[in-house]
Amino acid sequence: MGKVFCSQEGFKVIFILLGLIVAANGVVNGVSFSKQKTLEVEWKLKQVRKHSLKSIKSEDGDIIDCVDIKKQSAFDHPALKGHKIQMTPTYDPTLERRAATKARSKTTSNKMKQMHEESSMIVTSQVWQKSGTCPEGTIPIRRIRKKDLLKAHSVEDYGRKKPSFSRRFDQLNQNPNLSVQQTNHSKAILFTVGFRYLGAKGDIRVWNPFVESDDEYSTSQVALLNGPYYDFECIESGWAVNPGVYGDRQTRLFVYWTADASKKTGCFDLTCPGFVQTSHEVALGAAIYPISIPGGLPYQITIYIHKDPVTSNWWVQYGEQINIGYWPAELFKAIRYNAESVEWGGEVYSSTVGHTPHTSTGMGNGHFPDYTAGDSGTITRMRIHDNSQNLKFPDYADPFSDEFNCYDIDFVSDYVEDPQFLYGGPGKNPMCP
């Protein structure tokens with residue numbers, strides 16, 4: 001066998017080549033990224049933080065930047081050039097409802113009803129609020145971590161859902177003979193169709209389900225949709241465990257939108273231009289506290305999404321008092337007028353949905369619905385308003401699950417004061433291998 005010799009000059013050439021490779025790539029936590037992507041990420045982070053007037057270090061590791069409300073990144077969207085901020089909704093039905101409730105509470109029977117109503121509203125706060133507040137005139141923005149942005153397929157894709165092209169349940173309801181295209185999204189929802197929907201509301205119990213892989217997520221939300229299944233428009237809000245966006249497995253408050261079934265538009269929270277935040281109290285993407293535990297108090301959040309009758313902007317209200325912000329009408333074509341359907345429930349994303357082995361990512365609290373035990377994914381006080389501004393339970397509502405052996409549903413509407421929707425499951429189990 002012959003010997004291979006390497007001269008000193010040869011070693012120099014090798015070192016130079018290695019140096020060029022290292023120079024062309026960035027390294028974060030031992031993972032190598034292209035220099036171009038690293039520069040793109042650093043530029044985006046710099047743009048996001050440059051208008052920060054104050055920073056708050058949360059005890060859970062998050063950093064909240066208080067950003068001038070007029071300089072938030074929402075206005076970088078091409079459709080929002082010159083957009084004038086709407087600071088409050090033109091009309092807020094909850095204000096009238098609270099006033100009417102207060103007026104009726106003088107009688108004993110109405111006091112009991114009010115106590116029952118209030119007892120169902122055990123709402124949660126956010127962890128970062130223990131460490132400080134943002135002044136009026138600013139909005140709290142959870143700082144994006146460099147490592148999370150680098151892990152995304154591209155800077156543009158960060159914070160966006162993977163597209164889903166399964167046939168929508170409203171189409172299946174109209175034509176049961178349609179075939180269903182299996183996708184990487186699994187839903188267990190209560191839905192209503194058939195009217196022009198101008199708003200939707202629900203109390204969502206907050207849990208912390210297991211999420212198996214960093215590229216998977218589990219959400220529970222109120223959503224309004226319009227358009228065909230392959231190009232629908234959607235706005236939604238609720239809670240999520242989404243390590244791909246947030247870098248951990250904490251339960252966090254979110255909003256999401258898309259104008260094209262998540263192909264090229266939309267994102268979670270403020271990770272892309274679009275959603276206009278007005279509140280200085282609530283940080284989108286921040287951790288929710290406390291969280292429900294089996295046998296413990298049923299902590300929940302109240303989400304109310306409604307269309308402004310004057311501006312056509314879609315507002316998100318949190319906890320029946322805080323208007324977080326809105327999706328401007330300019331972002332959409334169809335839903336700017338009304339929604340065609342409303343959903344309440346859970347969603348799991350995984351590349352192994354519909355395959356064997358199935359993901360073990362849980363939905364709700366990871367348990368199948370159990371009305372008697374009371375410990376499962378639950379949404380109560382579900383309301384819509386259609387052509388009027390009055391909130392009401394929908395005339396028609398039906399449960400739907402993509403994979404009932406993995407994530408099941410239970411709609412309790414008989415012999416109860418107010419209907420309840422229970423949903424969720426563990427994902428992989430003997431019935432869902």
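**Close-up 1. T378 and its partner across two paired strands.** In this predicted model, T378 stands opposite L422, a residue of strand 22. Strand 19 (residues 377–385) and strand 22 (residues 420–424) run antiparallel and are joined by four bridges. Strands of a sheet pair through backbone hydrogen bonds, in either a parallel or an antiparallel manner.

**Close-up 2. The open sheet that holds strands 19 and 22.** Eight strands make up this open sheet, and their order is 13-17-16-15-8-19-22-21. The pairing is antiparallel. At the edges are strand 13 (276–277) and strand 21 (408–412), each of which pairs on one side only.

**Close-up 3. A salt bridge between R383 and D418.** The closest N and O atoms of R383 and D418 are 2.8 Å apart, and the two residues form a salt bridge. This pair links distant parts of the chain, 35 residues apart: R383 belongs to strand 19, while D418 lies in the loop between strand 21 and strand 22. D418 is partly exposed, because its relative accessible area is 21% and the range for that class lies between 20% and 50%.

**Close-up 4. A buried salt bridge between E320 and K201.** The side chains of these two residues, E320 and K201, meet in a salt bridge with an N to O distance of 2.5 Å. Here too the pair links distant parts of the chain, 119 residues apart. E320 sits in the loop between strand 16 (314–318) and strand 17 (322–327), and K201 sits in strand 8 (residues 199–205). Both E320 and K201 are buried.

**Close-up 5. A salt bridge between D395 and K392.** D395 and K392 form a salt bridge in which the closest N and O atoms are 3.7 Å apart. D395 is exposed, with a relative accessible area of 61%. K392 is partly exposed, at 30%.

**Close-up 6. A network of salt bridges.** Side chains of opposite charge can pair when their charged atoms come close. In this view, D62, R142, R145, D148, D248 and R252 are linked in a network of salt bridges. Over the whole structure, a search finds 20 salt bridges.

**Close-up 7. The two sides of helix 2.** Helix 2 (residues 35–49) has 15 residues. From its first C-alpha to its last, helix 2 reaches 21 Å, close to the 21 Å expected at 1.5 Å a residue. Its buried residues are K37, T38, V41, K44 and L45. Seen down the axis of helix 2, these buried residues fall within an arc of 130 degrees, so they line one face of the helix. Q36, W43 and K46, on the other side of helix 2, are exposed.

Technical notes:
Residues numbered from 1 in each chain as written. Predicted model: local features only at pLDDT ≥ 70, side-chain atom pairs only at ≥ 80, totals over all residues. Heavy atoms only, no water. Helix = DSSP H or I, 4+ residues; strand = E, 2+ residues; numbered from the N terminus. Expected span 1.5 Å × (residues − 1). Buried < 20%, exposed > 50% of the residue type's maximum accessible area, 1.4 Å probe, protein only. Arc of directions from axis to C-beta. Pairing = 2+ DSSP bridges. Salt bridge = Lys/Arg side-chain N within 4 Å of Asp/Glu carboxyl O.
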